[in-house]
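Please look through the sequence and the predicted model shown below. The paragraphs after it follow one contact between helices and then turn to aromatic rings.

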Amino acid sequence: MLYDNAQLIGAYLDAFSLTGNDRFAAVAKESLAYVLRDMTHPEGGFYSAEDADSIYRDLARDPSDPDAADKEKSEGGFYVWKLEEIRHLLDKETVDIVTFHYSVLEGGNVTHDPMKEFTGKNIIYRARTIPETAARFDRPEVEIKQVLNTARQDLFAARNERPRPHLDDKVLVDWNGLMISALAKASRLFEDPLYLEAAEKAVRFIHDRMYEGGEHPELYRRWRDGDRKVSAMATDYAFLVQALLDTYAAGFDPWMLTWAIEIGDLMIERFFDDQQGGFYTTHEHQDEHLLMRVKDVTDSVIPSAASVATLNCIRLYRLTGKEQYCRVTERTLQATLQRIRNQPASVPEMLVSLGSHLLRSVEVVLVGKRHSADVQSLLNKINDFPPETLQVVLLAEETDRQALARHMPYLEEMPMVENGATAYICYNRTCQNPVHDPDALVRLLKEATEPPLRKT
């Protein structure tokens, strides 16, 4: 599922950021590689899912053998292995290392199989660590890593000879939004432009194929094979705005931010309950057959639209200073407060929004050429701080200022000083004197983010 991959990638990126453990980074990168390779439309959007069930074909047998493939699809058929297949594909020394490291057994390694779909088959997983495997075979860890990496490449190439699982190739805005946010986060953390390029390409796909501008703008929820259908729901708007804000924070394309504001305003207009606070899941004219509109703050397989929309409004308020966003945030939090107190486990993402709302608002405006050494030096220092604590705007060209000043008039008063990259740090709606030196920037940012809670 696309939404599973997107959220798991985000979790592993957070884990790597907090711990520095390279294994978390590796899982995130491998998962990103899968999505970009197997679940991406050539023009940028992301497909919804691959089936869990598929035909299993025994790679140790001749494909012309009628018994080489299962007659029916089975759970994980594309991914499971018999020990004999691995022996057929790899040399003996490699087989010994692979079977030990991944606990591949003659009779299969699935201990609980009520449906009897994995009989005699193995699910590959890291049963032992690299140091344990190196000790078992009395080999240096670097050699064990090399053997396992080569083996995985060989098994991957062979596995692609099996019939692939069915691809659900429809493109959904909300799930795409989750994946775009994961890519944007990866591009910042790993400083890899390929991830940013994929995120921006997916945004353009949604804009060009699933959005109709003009006097009566319309966002569509679903696209497949050139056909767009279904008026977008609150989750689509919420996750798209989040994706646009995340992509702007990674690449500083002003168009991303201006469209985020446009879509965010549309979401408030169409889904916000101005009487009691909170967001409806559908807009007033969603479907003539709907008898009533409901509001739901419960997080399920994806976070609720209301919680993500609230966090979006917090970010948009800090960037623009528009009171509308602050009012929507506070009304929604008030409407949800009883649930937060009584059933906090059901609304974890709203708790994130509440925590963010209580943080002091800190904005950083950089003025200077995007890829210049002095701007990059300042950005490196900014990126050492948790992204949740800062909202960063970059004015790389005069056209950036013109595009953004319509929503953020204060940018007109922030020029480049002394022809060098300049940083303005603002909190409590007050901006400090501009700085150029990275160390001075760090001192100001530490002062701005301590104490962590905003004044109320």
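A good place to begin is the contact in which Val173, Asn176, Ile180, Leu183, Ala184, Ala186, Ser187 and Phe190 of α7 meet Tyr195, Leu196, Ala198, Ala199, Ala202, Val203, Ile206 and Met210 of α8. Sorted by class, the residues of this contact between α7 and α8 comprise 14 nonpolar and 2 polar ones, with no charged residues.

Two packed helices are described by the angle between their axes and the distance between the axes. Here the axes of α7, which covers residues 173-190, and α8, which covers residues 193-210, come within 7 Å and cross at roughly 155 degrees. Because angles over 145 degrees count as roughly antiparallel, α7 is roughly antiparallel to α8. The crossing in which α7 passes α8 is left-handed.

Two residues of this contact, Phe190 in α7 and Tyr195 in α8, also lead to the aromatic rings. The ring centres of Phe190 and Tyr195 lie 6.4 Å apart and their planes stand at 55 degrees, so this pair is tilted. Phe190 is buried, with a relative accessible area of 18%, and Tyr195 is buried as well, at 9%. Ring pairs link Phe16, Phe190 and Tyr195 into a cluster.

The count of aromatic pairs in the model comes to 12. Among them is the pair of Phe78 and Tyr79, which is edge-to-face, with 5.1 Å from centre to centre and 90 degrees between the planes. Is each of these two residues buried or exposed? Phe78 is buried, with a relative accessible area of 0%, whereas Tyr79 is partly exposed, with a relative accessible area of 35%.

Conventions. Residues numbered from 1 in each chain as written. Predicted model: local features only at pLDDT ≥ 70, side-chain atom pairs only at ≥ 80, totals over all residues. Heavy atoms only, no water. Axes fitted to C-alpha atoms, helices over the stretch in contact; angles between N-to-C directions. Helix = DSSP H or I, 4+ residues; strand = E, 2+ residues; numbered from the N terminus. Parallel < 35°, antiparallel > 145°, perpendicular 65-115°, else oblique. Left-handed = near helix turned anticlockwise from the far one by under 90°. Contact = heavy atoms within 4.5 Å. Nonpolar A, V, L, I, M, F, W, Y, C, P; charged D, E, K, R; others polar. Phe/Tyr/Trp six-rings, centres within 6.5 Å; stacked < 30°, edge-to-face > 60°. Buried < 20%, exposed > 50% of the residue type's maximum accessible area, 1.4 Å probe, protein only.
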